[in-house]
Amino acid sequence: MTKTVLITGASSGFGEACAHQFAALGYRLIICARRQPRIKALAEKLSEHTDVLADVLDVTDRQAVAAFVENLPDDWKKVDILVNNAGLALGLDPAHKASLDDWDTMIDTNIKGLNYLTRALLPSMVANNSGHVVNIGSIAGSYAYPGGNAYGATKAYVQQFSRNLRADLLGTQVRVTNIEPGLAETEFSVVRFQGDVDKAKSVYQGTHPLFADDIARAVVWAAQQPEHVNINSIEVMPTCQAWGPLNIAKAD
C-alpha cells in the first residue's frame with residue numbers, strides 16, 4: 001500500500017524539496033502552507049507523479065489545524081509520515097534589542113505549530129501502531145550564536161520534544177526523527193531579514209552551504225529505514241561549517 005506523507009510549510013525550501021523527492025518515489029502527498037498560489041502551483045507539478053492533496057494552512061492557528069486534520073477525506077486520513085517543516089527565524093538582533101513580536105511569531109510557528117500537527121495526528125498513528133514524525137530542527141538548538149536567542153530556543157524545544165515523544169511512544173511502532181540542518185541556502189535568510197535579498201545573500205557569500213535537496217535526502221532516507229529502525233536525529237552541516245571556539249569578552 002502506498003504511504004501518505006503530510007508536509008507542512010511545503011511551498012518552499014526544505015518542505016518543497018521533500019515533496020518533490022517523496023513524489024518521485026511514489027508516495028502520496030498532503031502538502032500545506034500559507035501561500036495559496038505557491039502551494040497550488042506545487043500541487044500541479046507533483047500531480048504528474050503521484051496523488052496530491054493540497055490546502056492552505058496556518059499551523060499557528062490551533063482550530064484551523066484541528067479542522068484540517070479532521071476534514072481530511074476518508075481515504076487520506078491515515079497519515080504515515082508527518083514532516084513538521086513549517087518554521088522560521090526572524091531578526092538577528094541581540095536579546096535586549098530583539099522584537100518581542102518576532103519572538104512570539106517564532107514560538108507560535110516553530111513550537112506551537114509543530115505541537116498542533118503532531119498532537120492531531122498521533123492518536124491515529126498509535127491506533128494503527130504505525131507512523132513516523134519527522135521534525136525539522138536546527139543545529140541552533142544545540143549550539144548558541146549571537147542573535148540566535150529565541151530562534152535557537154525554539155529549536156532546542158524541537159530537539160527535546162522529539163526525544164520525549166520517543167519516550168512516550170515506546171512500545172508502539174511509531175517513530176520519531178529530528179533533522180538538524182546547519183548553514184543552508186533557502187529562503188530562510190530572506191525571511192529572517194524581512195525580505196532584504198542582498199543581506200540574505202551576504203550570509204552565504206564565500207561559502208558552499210547546504211541546499212534544500214540535501215536535507216530532503218536525509219528526511220527521505222530516515223523515512224525509508226525498516227520499521228524496526230528509528231533514526232533519532234541527524235545533524236547535518238556543510239563541510240565549510242564547524243563548531244567555533246567559545247567566545248570570551250575581554251576588558252579593554
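These legends walk you through five close-up views of a predicted model.

**View 1. Seven strands line up in one open sheet.** Reading across the sheet, the order is S3-S2-S1-S4-S5-S6-S7, and the strands pair in parallel. Look to the edges for strand S3 (52-56) and strand S7 (233-236): each has a single partner strand, so one side of each has no neighbour in the sheet. On average, and ignoring direction, neighbouring strands here are turned by 15° against each other. For a closer look at one pairing, find strand S1 (residues 4-7) and strand S4 (residues 81-84), which run parallel and are joined by three bridges. In this part of the sheet, isoleucine 7 sits opposite valine 83 of S4.

**View 2. Helices H4 and H5 lie across strands of the model.** Helix H4 lies across S1, S4, strand S5 (131-136) and strand S6 (174-181). Its direction makes an angle of about 170° with S4. Helix H5 (residues 149-169) lies across S5 and S6, and runs at about 160° to S6.

**View 3. Helix H3 packs against helix H4.** Two numbers are handy for a view like this: packed helices are described by the angle between their axes and the distance between those axes. For H3 (residues 62-70) and H4 (residues 100-128), the angle is about 30° and the axes are 9 Å apart. The crossing of H3 past H4 is right-handed. Which residues of H3 and H4 meet? From H3 come Arg62, Val65 and Val69, and from H4 come Tyr116, Leu117, Ala120 and Leu121. Sorted by class, this contact holds six nonpolar residues, one charged residue and no polar ones.

**View 4. Cysteines, and a count of zero disulfides.** A disulfide is a covalent bond between the sulfur atoms of two cysteines. Why does cysteine 32 not form one? The closest cysteine sulfur, in cysteine 18, is 13 Å from the sulfur of cysteine 32, which is too far for a bond, because the cut-off is 2.5 Å. Cysteine 32 is buried, with a relative accessible area of 1%. Cysteine 240, in turn, counts as partly exposed, at 44% relative accessibility.

**View 5. Serine 189 sits in helix H6.** This helix covers residues 188-192. Is serine 189 buried or exposed? Serine 189 counts as buried because its relative accessibility is 3%, and the limit for buried is under 20%. Leaving aside residues up to four places away in sequence, serine 189 touches Ala200, Val203 and Tyr204.

Technical notes. Residues numbered from 1 in each chain as written. Predicted model: local features only at pLDDT ≥ 70, side-chain atom pairs only at ≥ 80, totals over all residues. Heavy atoms only, no water. Axes fitted to C-alpha atoms, helices over the stretch in contact; angles between N-to-C directions. Helix = DSSP H or I, 4+ residues; strand = E, 2+ residues; numbered from the N terminus. Left-handed = near helix turned anticlockwise from the far one by under 90°. Contact = heavy atoms within 4.5 Å. Nonpolar A, V, L, I, M, F, W, Y, C, P; charged D, E, K, R; others polar. Buried < 20%, exposed > 50% of the residue type's maximum accessible area, 1.4 Å probe, protein only. Pairing = 2+ DSSP bridges.
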